[in-house]
Amino acid sequence: MLRFGLNRFASGLVTAWAVVTATFFLVRLVPGDPASAMAPPTATPAQVDQIRNYLGLADPWWLQYVTFLNHVVHLDLGTSIRTNQPVLSDLLERFPATIELAAAAMLLEVLIAIPIGTIAAVRRNQMFDHVSRFASLVGVGIPVFWLALMSLWLFAYKLGVLPLGGRLDIGTELPRHTGFTVIDALIDGRPDIAGSALQHLLLPAVILAIPSMAFWTRLMRGSMLEVLGSDHVRTARAKGLTSRRVVVRHGVRNALNPVITSLGLDLVALLSGVIFIENVFAWPGVGNYIFGSIQTRDYPVVQGSVILITLLYVFVNTVVDVVQAVLDPRIRPNLQGQPA
């Protein structure tokens with residue numbers, strides 16, 4: 001198991017290097033000059049050149065690349081052109097907001113998709129199954145950005161039942177303990193602020209969760225149908241076990257394997273897919289930070305964000321493989337490179 005984990009981590013690092021390298025070059029192929037974007041409108045060409053030299057953009061591409069990799073190894077992601085702050089500090093400051101949003105979305109997915117997929121499999125070809133399959137098909141196909149705008153217009157602007165955006169009401173002051181507004185409000189003994197934070201969190205979390213929720217529902221249904229038709233489930237039924245016990249003990253546990261794999265990877269997908277959601281709902285997280293940085297061609301921020309998300313993907317993917325092997329002993333020999 002240890003050998004397998006190390007091998008997976010090593011291959012993940014190679015993948016991370018490839019992605020970071022591709023990002024380094026692709027960012028520089030985008031039209032525009034970050035030195036001109038950073039310079040004030042009244043800057044002279046000489047001042048723009050001075051900024052370009054300061055950023056190292058006047059160096060040959062290979063020297064920029066070697067310097068960049070050297071900085072990455074030392075956890076130096078550079079300085080943001082927009083904020084003039086270290087990129088790593090900016091990302092860490094905004095990361096709790098993104099984690100809070102992604103965790104809320106994942107919690108909704110787990111609480112809704114897994115039970116619906118399980119019930120749909122147990123009630124195959126019944127009304128509940130037909131409705132859930134249609135809803136999941138719509139959820140997978142609907143454009144999230146459009147859905148976010150429409151939901152914001154309906155629930156926040158038209159009905160006024162939810163906030164327009166942000167993490168807290170304007171003017172609300174809350175000491176930063178952990179960076180998670182709900183937790184910080186509870187630590188500070190302010191349940192009213194915690195309730196307000198949950199109201200701000202609800203709509204973006206639901207919109208972010210819908211595509212994955214639809215996918216998980218279909219995945220759990222298919223996995224459950226396969227498990228319920230297996231020999232060991234038929235044997236359990238023949239022994240006289242109740243249908244509920246068969247489904248919960250022998251069905252759900254084995255059907256969760258592909259879902260667990262999807263869960264781990266979906267966390268990274270949520271973290272990397274919040275850019276549009278955070279922009280629509282003015283959520284002050286990493287996604288909103290990246291979106292603004294792309295617009296201003298802030299090289300260090302774009303590259304640093306890719307590195308952070310890629311390394312997170314490598315770590316989560318390795319952990320998911322190990323957890324899957326622990327839950328399903330049948331695949332351990334294959335993971336360890338031994339004959340099954």
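Does Ser-151 count as buried or exposed, and at what relative accessibility? The points below take this up after a word on the model as a whole.

1. The model is predicted. Its chain has 15 helices and zero strands. There are 340 residues, of which 40% count as buried. The exposed surface of the chain comes to about 18600 Å², and carbon and sulfur atoms contribute 66% of that area. Among contacts with a separation of 6 or more, 72% join residues 24 or more positions apart.

2. Ser-151 lies in helix H7, which covers residues 144-158. Ser-151 counts as buried because its relative accessibility is 5%, and the cut-off for buried is under 20%. The side chain of Ser-151 comes to 2.9 Å from the backbone oxygen of Ala-148. With residues up to four places away in sequence left out, Ser-151 touches Ala-156, Leu-203, Ile-207 and Phe-281.

3. Phe-281 is a partner of Ser-151 and has further contacts of its own. Apart from neighbours within four places in sequence, Phe-281 contacts Ala-148, Ser-151 and Leu-152, and its list also includes Leu-164, Gly-165 and Gly-166. Leu-203, Pro-204 and Ile-207 are in contact with Phe-281 as well. Ala-148 thus appears twice: its backbone oxygen is reached by the side chain of Ser-151, and Ala-148 is in contact with Phe-281.

4. The largest nonpolar core contains 52 residues. Phe-281 and Ile-207, both touched by Ser-151, are among the residues with the most contacts inside that core. The others named there are Leu-101, Leu-208, Met-220, Met-224 and Ile-277. A second core, separate from this one, has six residues, including Leu-168, Val-182, Ile-193 and Ala-197. In soluble globular proteins, nonpolar side chains tend to be buried together.

5. Ala-282 has a positive phi of about 50° and is not a glycine. Ala-282 sits in the loop between helix H12 (274-280) and helix H13 (286-295). Which exposure class does Ala-282 fall into? Ala-282 is partly exposed because its relative accessible area is 45%, and the class of exposed begins over 50%.

6. Asn-84 is another residue that is not a glycine and has a positive phi, here about 60°. The loop that holds Asn-84 runs between helix H4 (61-73) and helix H5 (87-122). Asn-84 counts as exposed, since its relative accessibility is 52%, with the cut-off for exposed at over 50%.

Methods: Residues numbered from 1 in each chain as written. Predicted model: local features only at pLDDT ≥ 70, side-chain atom pairs only at ≥ 80, totals over all residues. Heavy atoms only, no water. Helix = DSSP H or I, 4+ residues; strand = E, 2+ residues; numbered from the N terminus. Buried < 20%, exposed > 50% of the residue type's maximum accessible area, 1.4 Å probe, protein only. Polar contact = N/O pair within 3.5 Å; in protein donor to acceptor, adjacent residues only side chain to side chain. Contact = heavy atoms within 4.5 Å. Areas by Shrake-Rupley, 256 points an atom, 1.4 Å probe, with all protein chains shown as cover. Core = buried A, V, L, I, M, F, W, Y, C linked by side-chain atoms within 4.5 Å.
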